[in-house]
Amino acid sequence: MVTALLIVLIPATQASAALPAWPSISQGASGADTQTAQYLLRQHGYGIAADGQFGPATHSAVISFQSSRGLTADGVIGSQTWPHLIASVSQGASGEAVRAAQNQLNVYGAGLSVDGQFGPATDQAVRSYQSSHGLAVDGQVAPQTWQSLIGGNGGGSSPSGYSLPLARSAVSRAAYGASHWNSTPAVDLIVNYIPTYAIKSGVVDHYSSTSCGIGIRLLQPDGSRFVYCHLSERSVADGAQVSDGTRLGTTGDTGNSGAPHLHVEIRTSDGVAHCPQMYLLAIYDGLTPPSFGALPTSGCTA
């Protein structure tokens, strides 16, 4: 009843905003939209993990939810399913729908703790977002604000066959384009002990060194590889064949590391390191990334 009341009370002026289309996500997708959908499914009582990976458990939950609402039960979250899935929230609310809103606001750089508590910081982030996107500034995450947040994130899902090395909500887009602190062809993503994922399918090679600490090389068929450093632990066996989006381990502070973070490199078969920034930004934006050979070996910024 409270949710219904909040929807009714949305000011009519909010309808003046030009809204993006709802995205369509299905099994195999990853990223912020998937994680937001998972939080919303949890709000409706489905006990799935909100890990940003649209796997079989999420697929089953979506089909069950769609069936319960009289929708086409195809496992695809699109324009017919999102409006039923969202739940209006405002200051004072708590729960999984609030986490979903915080998660989606963080795509736009809000920097919120995804704690499920709609306090002053979340209220301010919502109002700031509404103001900058031509929406009624009322602090309520109601249907039109939800549609703007979810539909307008500029690549909420990774392209088929690729995944970001971290959940989309973990760092901002700008973090993937930042230069390495000592101009090394690499990128450092500042995060604290969270899952890291396979950028592309490949073979896991357990790799460790004084500099890298606990690491993984994700080998490609042509001998090129992605290199992950400073992990606190690995989640996959040495020699395992994994698909994109598979959890490889947990970020950490091992090796030559001044603080917890994930160090990512891209190396061609000749061992030369290439700047990963353009590659990772393409994935973030939902685009097929360039070939390794097309990436520069210096001037690593975007």
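How many aromatic pairs does the structure hold? There are 7 aromatic pairs in it, counting rings of Phe, Tyr and Trp (its six-membered ring) with centres within 6.5 Å, where planes under 30 degrees apart are stacked, over 60 edge-to-face and the rest tilted. Keep in mind that this is a predicted model, where local features need pLDDT of at least 70, side-chain atom pairs count only at pLDDT 80 or more, and totals for chains, interfaces and linings use all residues. Residues are numbered from 1 along each chain as its sequence is written, and side-chain values use heavy atoms, with hydrogens and water left out.

**View 1. The F226 and F292 ring pair.** With ring centres 5.2 Å apart and planes at 90°, F226 and F292 make an edge-to-face pair. F226 sits in strand β5 (residues 225-234) and F292 in the segment after α9 (277-284), so the pair ties together parts 66 residues apart in sequence. Helices (H or I, at least four residues) and strands (E, at least two) are DSSP runs, numbered from the N terminus. Both rings are tucked away: F226 is buried at 0% relative accessibility, and F292 is buried at 11%. Here buried means under 20% relative accessible area, exposed over 50%, and partly exposed in between (1.4 Å probe, protein chains only). Y162 and Y279 join F226 and F292 in one aromatic cluster.

**View 2. The largest nonpolar core.** This core has 35 residues, and those with the most contacts inside it are L40, L41, I77, W82, L85, V141 and W146. A nonpolar core is a set of buried Ala, Val, Leu, Ile, Met, Phe, Trp, Tyr and Cys residues joined through side-chain atoms within 4.5 Å. At least two of its residues come from each of α2 (32-43), α3 (56-68), α4 (82-85), α5 (96-107), α6 (120-132) and α7 (143-151), and α5 gives the most, with 5. Zoom in on L85 and, leaving aside neighbours within four places in sequence, you find contacts with A37, L40, L41, H44, F65 and I77; contact means heavy atoms within 4.5 Å. A second, separate core of 32 residues includes A175, L189, F226 and L295.

**View 3. Helix α2 against helix α5.** The two axes come within 7 Å and cross at roughly 170°, with axes being lines fitted to C-alpha atoms (for helices, over the stretch in contact) and angles running from 0 to 180 degrees between N-to-C directions. α2 and α5 are therefore roughly antiparallel, the label for angles over 145 (under 35 is roughly parallel, 65 to 115 roughly perpendicular, the rest oblique). Among the residues making the contact are Y39 and L40 of α2 and A100 and V107 of α5.

**View 4. The buried side of α7.** T145, W146, Q147, S148, L149 and I150 are the buried residues of α7. They pack against α2, α4, α5 and α6.

**View 5. H230 and its neighbours.** H230 is in strand β5 and is buried at 5% relative accessibility. Not counting residues up to four places away in sequence, H230 touches several residues, including C212, D253, H261 and H263.

**View 6. A178 in a loop.** The loop between α8 (173-177) and β1 (187-189) holds A178, which is partly exposed with a relative accessible area of 32%. Beyond residues up to four places away in sequence, A178 touches V187, Q277 and C300. The C-alpha atoms of A178 and D74 are separated by 40 Å, with the two positions 104 residues apart along the chain counted as their separation.
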